[in-house]
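Fancy working through a few exercises with the viewer open? Try each task yourself before reading the solution under it.

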Amino acid sequence: IKYLSEFKLEKILHNLSKLSKFSQDSTRMSINGTTLKNLEILQNQTTGTAKGSLLWVLDHAQNSFGRRLLKKWVAQPLTKASEVNARLDAVTEILTSESIVLAKTKNLLSKLPDLERGICSIYHKKCSTWEFYQLVRTLTNLEVGFQALLPAAEDQLTSSLLRSVL
């Protein structure tokens, strides 16, 4: 208060109702670039490459859009403990379960082209007819594959997060 009064700002504290959180609904932590750099989250400080960073240690993604999603998760971690625990339960189930549903899901997803880029190229009207056809065919095959897995997923999966994704 003494510091604020030096600048004639002590009255700010009298009306706390005008103060609000930066974000009321934020489910992700916002980490600034300096912190990401200092903690070597996305790249190391020695060479500036990903090797040796937290992302490099965690990245076992099988495709490019999985890598982008992991990068987003690492750079913007969840803030709610319940969501962190739900994700942890899902990862534990993926790593320890012998479910045929998870094996078939991994097989379906490992053969995918970069859907995110394909959809972006469609949105920006920069895709060829062949690329559009490939994307539509892939999405159709995914739908058929996941529809076939739904009944077994209800029985075999224990993680609520995994069941909601499938």
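**Exercise 1. Work out how α6 and α8 are arranged: what is the handedness of their crossing, and which residues meet?**

Solution. Start with the handedness: α6 goes past α8 in a left-handed crossing. Keep in mind that this is a predicted model. Next, get the geometry. Helix α6 covers residues 100-110 and helix α8 covers residues 129-156; they pack at an angle of about 160 degrees, and their axes are 9 Å apart. Angles over 145 degrees count as roughly antiparallel, so α6 and α8 are roughly antiparallel to each other.

Now list who meets whom. From α6 you should find I100, V101, K104, T105, L108 and L109, and across from them in α8 sit L142, G145, F146, L149, A152, A153 and Q156. Sort that contact by class and you get nine nonpolar, three polar and one charged residues.

**Exercise 2. Do the same for α7 and α8: at what angle do the axes cross, and what is the make-up of the contact by class?**

Solution. The axes of α7 and α8 cross at roughly 130 degrees and come within 10 Å. That angle makes α7 oblique to α8. As for handedness, α7 passes α8 in a left-handed crossing.

For the contact, look at L115, G118, I119 and I122 in α7; they meet F132, L135, T138, L139 and L142 in α8. By class that gives seven nonpolar, two polar and no charged residues. L142 of α8 is worth a second look: it appears in the contact with α7, and it turns up in the contact with α6 as well.

**Exercise 3. Place S53 and decide: is it buried or exposed?**

Solution. First find S53 in the loop between α2 (33-38) and α3 (54-58). Then check its accessibility. The relative value is 1%, and buried means under 20%, so S53 counts as buried.

Next, look at what surrounds it. The S53 side chain reaches the backbone oxygen of A50 at 2.6 Å. Setting aside residues up to four places away in sequence, S53 touches E40, I41, L42, Q43 and N44.

**Exercise 4. Two residues have a positive phi although they are not glycines. Where do E40 and K125 lie, and how exposed is each?**

Solution. Begin with the background: most residues other than glycine have a negative phi. E40 has a positive phi of about 55 degrees, and K125 has a positive phi of about 55 degrees too.

Now place them. E40 lies in the loop between α2 and α3, while K125 lies in the loop between α7 and α8. Finish with accessibility: at 26%, E40 counts as partly exposed, whereas K125, at 77%, counts as exposed. E40 is also one of the residues that S53 touches.

**Exercise 5. How far apart in space are the C-alpha atoms of I31 and V74, and those of K111 and N63?**

Solution. Take I31 first, in the loop between α1 (2-6) and α2. Its C-alpha is 10.0 Å from that of V74, with the two positions 43 residues apart along the chain. I31 is partly exposed at 23% relative accessibility, and its contacts, leaving aside neighbours within four places in sequence, are L36, A75 and P77.

Then take K111, in the loop between α6 and α7 (115-123). K111 and N63 are 48 residues apart in sequence, and C-alpha to C-alpha they are 8.8 Å apart. K111 is exposed, with a relative accessible area of 63%.

Definitions and conventions
Residues are numbered from 1 along each chain as its sequence is written. This is a predicted model: local features need pLDDT of at least 70, side-chain atom pairs count only at pLDDT 80 or more; totals for chains, interfaces and linings use all residues. Side-chain values use heavy atoms; hydrogens and water are left out. Helices (H or I, at least four residues) and strands (E, at least two) are DSSP runs, numbered from the N terminus. Buried means under 20% relative accessible area, exposed over 50%, partly exposed in between (1.4 Å probe, protein chains only). A polar contact is a pair of N or O atoms within 3.5 Å; within protein, one must be able to donate a hydrogen and the other to accept it, and residues adjacent in sequence count only if both atoms are side-chain atoms. Contact means heavy atoms within 4.5 Å. Axes are lines fitted to C-alpha atoms, for helices over the stretch in contact, and angles run from 0 to 180 degrees between N-to-C directions. Angles under 35 degrees count as roughly parallel, over 145 as roughly antiparallel, 65 to 115 as roughly perpendicular and the rest as oblique. A crossing is left-handed if the near helix is turned anticlockwise from the far one by less than a right angle, and right-handed if clockwise. Ala, Val, Leu, Ile, Met, Phe, Trp, Tyr, Cys and Pro count as nonpolar, Asp, Glu, Lys and Arg as charged, and the others, Gly among them, as polar.
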